[in-house]
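This briefing introduces a protein model to a reader who has not met it before. Please look over the sequence and structure shown below, then read the notes grouped by topic.

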Amino acid sequence: MIFASVAGMTRWGILATGHIAARFAEDLRLVPGAELAAVGSRTAESAQRFAARHGVPRAYASWAELAADDELDVVYVATPHAAHHEAAMTCLAAGRAVLLEKPFTLDLATSVELVDTARAAGVFLMEAMWMRTNPLVRRLCDLVADGAIGTVTGVRADFGVAGPFPPEHRMRARTLGGGALLDLGVYPVSLAHLLLGVPDHVRSWAKLSPEGVDENTGIVLGYDSGAVATLSCGMVGATALDASITGTTGRIDLPEPFFRPGSAMLHRAGAEPETITDELVGGGYQYEAAEVQRCLAEGLLESPLVPHATTLEVMALLDGIRAQIGVDYS
């Protein structure tokens, strides 16, 4: 995939210094016109270590200082999701465009507040649902739209990790949005939404941990068209991390990991299976960065690949699932 060229340089800041921030920083090197100019953390030590490791010119000891840097065009927020709302609001208040890690926030209400704030201020905001910007995923969506497998009748996807996580880990912390759903389940739910849209019926079940977060969750989305999505997420066992899309005249299988595929198998009725591939370089985060830069160059306030409406519809689904399984982050 060739990235869209952008006039001049897009100057990026990264808010947070953890694992995802590091992976994004590495992939940003692959994006023409991208310059990693600053990093911000809650402590000077953390910001300085990250800056030294990734060759970042400016390191700030607070989120507010990073957001106030007028030489930045956009900030990538890579905190754990319980801090997404505060971090993004800090950047939006300073007029900084924001690429915000998924899931957007802990619930629909705070996600709506971010979108409303960005729109009122005329500032770009996008959820970092990198799966939707993956070149092969985009190609598969085009194939489905062109009728390659007929009408979609089913989506199956799973995302489970083995764990176990120690009691102090954020994945077990209820007030930090712990559990499988927001960290892992957002991917299967987003894939189903990408292909089938908002469901007419939602059924879900989960085994909860002693802390009150979901450890193993099953989700069925039903559509009045007759289509069904069967999804699962968990942190008690490593699943296959694959997915399949079934239609009336064929099927598409996505291998591990389905949210960052390098290939897929297309089964058309009465034909030999076709292997579909697309060049996948880096870790996959560069595609969302390139999309942000394209949008900024065109003066857009949201991405057509990851529009605000999609983010809010998925968050509403996650809220509904949480209500059914009895998980409350307050």
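Which residue in strand 12 does isoleucine 245 stand opposite? The residue opposite isoleucine 245 is isoleucine 252. The model is a predicted one. The notes below describe an open sheet of six strands, an open sheet of eight strands and two cavities of 30 Å³ or more.

**The six-stranded sheet**

- The strands of this open sheet follow the order 3-2-1-4-5-6, and their pairing is parallel.
- Strand 3 (58–60) and strand 6 (125–128) occupy the edges; each has a single partner strand, so one side of each is left without a neighbour in the sheet.
- On average, and with direction ignored, neighbouring strands of this sheet are turned by 25° against each other.
- Four bridges join strand 5 (residues 97–101) to strand 6 in the parallel sense, and valine 98 has leucine 125 of strand 6 as its bridge partner.
- Helix 4 (residues 84–93) lies across strand 1 (10–15), strand 4 (74–77) and strand 5, and runs at about 170° to strand 5.

**The eight-stranded sheet**

- This second open sheet has the strand order 8-9-10-7-11-12-13-14, with mixed pairing.
- Its edges are formed by strand 8 (201–208) and strand 14 (274–277); each of these has a single partner strand, so one side of each is left without a neighbour in the sheet.
- Neighbouring strands here are turned by 10° against each other on average, direction ignored.
- Strand 11 (residues 243–247) pairs with strand 12 (residues 250–254) in the antiparallel sense over five bridges, and in this region isoleucine 245 stands opposite isoleucine 252.
- Helix 6 packs on the sheet and touches strand 7 (152–160), strand 12, strand 13 (263–268) and strand 14. The direction of helix 6 makes about 135° with that of strand 14.
- Helix 9 lies across strand 8 and strand 9 (214–222), and runs at about 55° to strand 8.

**The largest cavity**

- The largest cavity encloses about 50 Å³ of space.
- Its lining consists of Glu127, Met129, Arg132, Ser190, His193, Val306, Thr310 and Val314.
- Helix 7 (180–196) and helix 9 (308–325) are the elements that give two or more residues to this lining.
- By residue class, the lining of the largest cavity holds three nonpolar, three polar and two charged residues.

**The second largest cavity**

- The second largest cavity also has a volume of about 50 Å³.
- Val137, Leu140, Cys141, Leu191, Leu194, Leu195, Ile245 and Leu254 form its lining.
- Helix 6 (135–145) and helix 7 are the elements that contribute two or more residues to this lining.
- The lining of the second largest cavity comprises eight nonpolar residues, with no polar and no charged ones.
- Ile245, one of these lining residues, is the residue that stands opposite isoleucine 252 in strand 12.

**The annotated domain**

- An unreviewed UniProt entry lists residues 137–252 as "domain: GFO/IDH/MocA-like oxidoreductase".
- In the model, the span 137–252 is 22% helix and 35% strand.
- The end C-alpha atoms of this span lie 11 Å apart.

How values were computed: Residues numbered from 1 in each chain as written. Predicted model: local features only at pLDDT ≥ 70, side-chain atom pairs only at ≥ 80, totals over all residues. Heavy atoms only, no water. 1 Å grid on protein atoms, 1.4 Å probe; cavity = no way out; pocket = protein on both sides within 12 Å on 5 of 7 lines; lining within 4 Å. Points joined across faces, edges and corners; volume = space filled by probe spheres on them. Nonpolar A, V, L, I, M, F, W, Y, C, P; charged D, E, K, R; others polar. UniProt positions renumbered as here; feature names shortened; annotations may be inferred. Pairing = 2+ DSSP bridges. Axes fitted to C-alpha atoms, helices over the stretch in contact; angles between N-to-C directions. Contact = heavy atoms within 4.5 Å.
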